[in-house]
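Student: I should like to study this structure with you. May we begin with the ligand and then turn to the charged pairs?

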Amino acid sequence: MQIRLALPSDLAAVRDRLRAVFGPQRTEHRMDPVSQLIKAVVGSRTYDEVAWAAFIRLRAAFPNWATLTLADPAQIEPVIDPVTHAADKARRLPILIRVIILKRGELDLDFLKDEPLDEAMEWLTRLPGVGVKAAAASLNFSTLARPVLTVDTHVHRVGERLGLAARGGDQKQAYQTLMEQTPTDWDAERFFELHWLLKAHGQSICTHFDPACGLCALRDACPRVGVGRDQEGEVVAFRTPGG
Ligand code: SF4
């Protein structure tokens, strides 16, 4: 059963409180959607700095993404290593690019700017190796600037603990539940900011194993779903099926 926050009562309030801690988060540079999709796929389940370094090396090795269609995965893997599952990603990337070209006749995702949001998400998540997180990042972070929340592992975990996403659900369910709760008038920048604020919060305060609830700007309202205390009274995080 989903538990609603008493206070802050909505994601706008969560954003305001976290912004007071971490400062405003704004986009400084938006990549084209194909580049953003490749960045998201290469960087999944990988620390940001490792993912960015791998993406930059990949871009240098393949300045024209279309040439990835002809690339041998054995060429790609050492370029993106040490991202998580580098061999799998190296195998899937040429397939991903080929499928986009097959479906669209060109390597261009700008058409997604005008598609209804649900259809744009569905189109992207039907691509091989593209999940909800990569699809949302491609739509929100790129020049498409679509109003959609990117739910990564940190956003998912914080959403669960706040009672805003069902405990133990998968990332797609968390995405859907959180999207239902975002104000309908939010633009892409607000979704972008909420993502990065929740992520910063999840990386520094509401961490996976050791949430610092005593330091948390949301503690008076948070039901701390899945978080408890051990025999010494220390805050501990209980593992959840989704966590
Ligand atoms: S009160 Fe604790 S569990 Fe809740 S958001 Fe803050 S750090 Fe996370």
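Tutor: The model shown is predicted. Around the ligand lie R161, L162, H201, C206, C213, C216, R219, C222, R224 and V227. The ligand takes up the space of the largest cavity.

Student: How many residues of the shell around the ligand are nonpolar, polar and charged?

Tutor: Cysteine, leucine and valine count as nonpolar, and arginine counts as charged. The shell includes residues of these kinds, such as L162, C206 and R161. By class, the shell holds six nonpolar, one polar and three charged residues.

Student: Is C216, one of the residues around the ligand, buried or exposed?

Tutor: A residue is called buried when its relative accessible area is under 20%. The value for C216 is 9%, so C216 is buried.

Student: How many disulfides does a search of the whole structure find?

Tutor: A disulfide requires two cysteine sulfur atoms within 2.5 Å. The search of the whole structure gives a count of zero.

Student: Which residue forms a salt bridge with E189, and where is that partner?

Tutor: Side chains of opposite charge can pair when their charged atoms come close. The closest N and O atoms of E189 and its partner R30 are 3.0 Å apart. E189 belongs to helix α10, and the two residues are 159 residues apart in the chain. The partner, in the loop between α1 and α2, is R30.

Student: What separates R91 and D88 along helix α5?

Tutor: These two residues form a salt bridge, with closest N and O atoms 3.3 Å apart. Because R91 and D88 are three residues apart in helix α5, their separation is about one helical turn.

Key
Residues numbered from 1 in each chain as written. Predicted model: local features only at pLDDT ≥ 70, side-chain atom pairs only at ≥ 80, totals over all residues. Heavy atoms only, no water. Near = heavy atom within 4 Å. 1 Å grid on protein atoms, 1.4 Å probe; cavity = no way out; pocket = protein on both sides within 12 Å on 5 of 7 lines; lining within 4 Å. Sits in = over half its atoms within 2 Å of the grid points. Buried < 20%, exposed > 50% of the residue type's maximum accessible area, 1.4 Å probe, protein only. Salt bridge = Lys/Arg side-chain N within 4 Å of Asp/Glu carboxyl O. Helix = DSSP H or I, 4+ residues; strand = E, 2+ residues; numbered from the N terminus.
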